[in-house]
Amino acid sequence: MYEAKLSTVRVSDFRGVDLSSPPAHVAPSRSPDAPTMLPDFSGKPVKRSGYSLKRSLGGEIFGAFVLRTAAGDHLLIHSGTKLFLDGGETPVFTGLSPRRSFAKQFGERIFITDGEKLRVFSLSEGGGGVLGKAEDFAYVPTITLGRTAAGGGSAFEPFNLIGKRFREEFSSAAGDKTFQLSFGGLVPGSVSVEVLAAGSAVYDRRWTSLVPGTDFSADEETGAVTLVSAPGVSPIEGEDNVRITAAVEIEGYPERINRCRVSALYGVGGAENRLFLTGNPDFPGVDWHSEMNDLCYFGESWYSEMAGGKSAFLGYSRLGDLLVTHSEDAENDSTVFLRQGVIMDGEAAFPMTNILHGPGAVSLSGFGNLGEEPLFLTKSGVFALTAHDASGEKYAQNRSWFINKALTKSDALGSSVFCPYGHFMLVSAGSRLYLLDGSQKSYDSAAPYSTFQYECYYWENVPATAIWVFENTLYFGDADGNVYAFADPEDSSPGAYTDCGAPIEAHWDLPEISGGRFYNAKALRAVFVKLEPRPHTSVTVKAKINGVWSELWSESAAFRYFRWSGIKWSEFVWQCDDGARSFGRRRLIPALDKMRIRFENAVPGEPFGLYEAGVEFGEAGNKAY
């Protein structure tokens with residue numbers, strides 16, 4: 001006969017979930033299963049607020065972008081092939097590619113990439129919006145200076161990939177009338193000619209435009225332009241005096257830019273004044289960059305080819321003043337390319353400073369910063385880049401160990417979306433949303449080469465194809481074109497803790513309890529809980545015994561307090577104390593090998609927050625046969 005020993009488990013320092021360890025090996029402060037919970041300001045797990053339907057736009061939500069202006073912020077939503085501005089029911093544009101899109105703001109314009117066209121959005125004076133093609137704003141480069149009538153000259157600016165127009169300047173000799181351009185096959189009617197007027201000076205250049213058909217003619221097939229009157233030698237010694245502008249279509253040039261999917265703002269010294277583009281399926285390991293402060297000028301020679309041009313680039317990160325380009329998994333395992341913007345020979349250049357090895361990126365939308373730390377999604381979980389990693393050969397900073405086992409099994413990794421939200425990084429995976437908590441870090445990392453792990457949580461029933469924050473509210477869009485907004489956690493209205501009226505199931509499981517000696521027989525004696533006080537809240541306590549969850553007890557009145565604004569007569573209580581309160585009940589279940597305890601709330605309209613939990617059980621004898 002063995003004397004029973006009373007044992008206790010008490011948890012008050014809650015962390016996050018651990019979905020990667022067996023329930024028996026999860027630390028007491030973490031949960032092996034806690035759907036739809038997140039930490040409050042003090043770190044205690046609380047039920048997430050619900051969401052409500054705000055709009056139905058008809059087509060899958062492929063992206064949402066915030067245009068920030070001095071007068072206020074504006075929201076753009078890409079639904080199907082349409083672009084909607086703010087709450088407008090009529091799209092400001094129809095004709096976007098029906099796939100995930102991306103955007104970067106520069107000045108008061110947003111540059112949108114959808115793999116079909118690089119487009120530029122800006123507000124119109126009437127309060128609406130205008131979405132144009134970047135090629136309509138394309139800079140016209142002067143490709144040659146000092147050209148003679150027959151040709152030659154010095155290259156000056158590269159041809160603009162997204163523009164058809166170019167300019168060449170000639171220094172004519174006496175009697176020159178016919179000037180040969182560098183290109184034939186000109187766009188009909190595209191030629192214009194200017195001549196430096198007599199009396200012009202270095203600081204007073206006056207160009208006179210000639211009239212086509214009257215003052216000059218153009219052989220568009222050969223690119224020869226003939227003036228009726230010879231302009232003679234330049235009135236400014238050593239300066240060009242004939243300027244010809246024309247347009248030519250070079251096959252494949254615009255598509256190099258227009259078919260790009262993702263973008264980054266980066267420049268010399270880390271300045272965010274050039275647009276970098278990649279993700280063109282025809283050029284998988286190539287990216288292009290624009291001119292400084294002119295995001296509609298992509299010189300034909302301003303590109304970088306890395307990874308042998310074979311592994312597709314999926315996105316960008318920033319690490320200090322370095323631009324990081326991420327590729328998919330590669331045969332040679334080179335997946336991260338670091339570049340630095342510098343001035344070389346008077347020109348901007350972006351040479352590589354290092355190449356790192358590790359698992360490749362898996363999603364075009366799987367990039368974002370949590371605080372100052374750049375994160376990206378791989379088939380092995382969420383990784384971070386650090387300055388230490390940047391100087392090595394491999395990166396090893398996994399940050400999602402506690403959810404990796406569940407996250408990496410998802411079939412939806414390739415369409416995952418990152419979204420910074422407060423001190424969280426949200427990571428979508430199908431209908432589940434994972435949260436990495438930047439305010440809680442674990443330094444007893446199970447990942448051997450990582451300095452720390454973020455504590456993690458997850459939400460069920462969030463089928464997001466796009467996630468965004470606008471005016472401090474979290475939104476998501478789904479595949480059916482619906483836009484939802486999460487309620488304020490302090491909202492006491494009936495729908496604040498429902499998902500469009502449906503109940504939200506939230507629970508927190510304690511790790512498996514096997515006692516001081518796993519082979520001893522256990523008898524569950526009592527379960528105690530302290531909840532966040534609310535006018536409407538409750539808890540159901542369950543135990544998993546022999547693989548089956550059974551209800552032990554439920555309680556509501558003990559945790560509620562009276563408030564006129566939250567009055568509900570069916571749940572009325574006289575209690576006015578709004579401080580946290582505890583409750584417990586005894587329940588004898590003998591001869592257990594192990595047990596799991598769950599604290600659950602699935603009541604529509606009820607918030608739920610767990611402050612402390614305790615379990616008492618007896619241990620006696622062993623289970624030897």
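The following exchange concerns a predicted model and the reasons behind several terms applied to it.

Trainee: Why is S327 called buried?

Mentor: The relative accessible area of S327 is 0%. Buried means under 20%, so S327, at 0%, is buried.

Trainee: Where does S327 lie, and which residues does it touch beyond four places in sequence?

Mentor: S327 is in strand β27, residues 322–327. Leaving out residues up to four places away, S327 touches S311, A312, F313, L314, S334, T335, F337, G360 and A361.

Trainee: What makes L375 and I597 members of a nonpolar core?

Mentor: A nonpolar core is a set of buried residues of listed types, Leu and Ile among them, joined through side-chain atoms within 4.5 Å. L375 and I597 belong to the largest such core, which has 67 residues. With L407, L436, L524, L552 and F599, these two touch the most other members. A second, separate core has 36 residues, including L118, L186, F216 and F298.

Trainee: Which residues are in contact with I597, apart from its neighbours within four places in sequence?

Mentor: I597 is in contact with W508, D509, L510, I513, L524, V527, V541, K542, A543, W549, L552 and V615.

Trainee: How do you know that the chain departs from the rule for a compact globule?

Mentor: For 625 residues, a compact globule would have a radius of gyration near 25 Å, but the chain has 33 Å. The C-alpha trace spans about 120 × 55 × 35 Å along its principal axes. Of the 625 residues, 53% count as buried.

Trainee: Which residues lie nearest the centre of the largest pocket, and what is its volume?

Mentor: The volume of the largest pocket is about 1400 Å³. Its lining has 37 residues, and A103, K104, F367, F418 and P420 lie nearest the centre. Strand β5 gives the most to this lining, with six residues.

Trainee: Why are F367 and P420 counted as nonpolar, and K104 as charged?

Mentor: Phe and Pro count as nonpolar and Lys counts as charged, so these three lining residues are classed accordingly. By class, the lining of the largest pocket has 21 nonpolar, 11 polar and five charged residues.

Trainee: What are the volume and the lining of the second largest pocket?

Mentor: The second largest pocket has a volume of about 450 Å³. Its lining divides into 16 nonpolar, three polar and six charged residues. Strands β2 (37–39) and β3 (45–47) each supply at least two residues of this lining.

Conventions: Residues are numbered from 1 along each chain as its sequence is written. This is a predicted model: local features need pLDDT of at least 70, side-chain atom pairs count only at pLDDT 80 or more; totals for chains, interfaces and linings use all residues. Side-chain values use heavy atoms; hydrogens and water are left out. Buried means under 20% relative accessible area, exposed over 50%, partly exposed in between (1.4 Å probe, protein chains only). Contact means heavy atoms within 4.5 Å. On a 1 Å grid over the protein atoms alone, a cavity is a set of points where a 1.4 Å probe fits but cannot get out, and a pocket is an open set with protein on both sides within 12 Å along at least five of seven lines; lining residues have an atom within 4 Å of a point. Grid points are joined across faces, edges and corners, and a volume is the space filled by probe spheres set on the points. The radius of gyration is taken over C-alpha atoms; the globule rule is 2.2 Å times the number of residues to the power 0.38.
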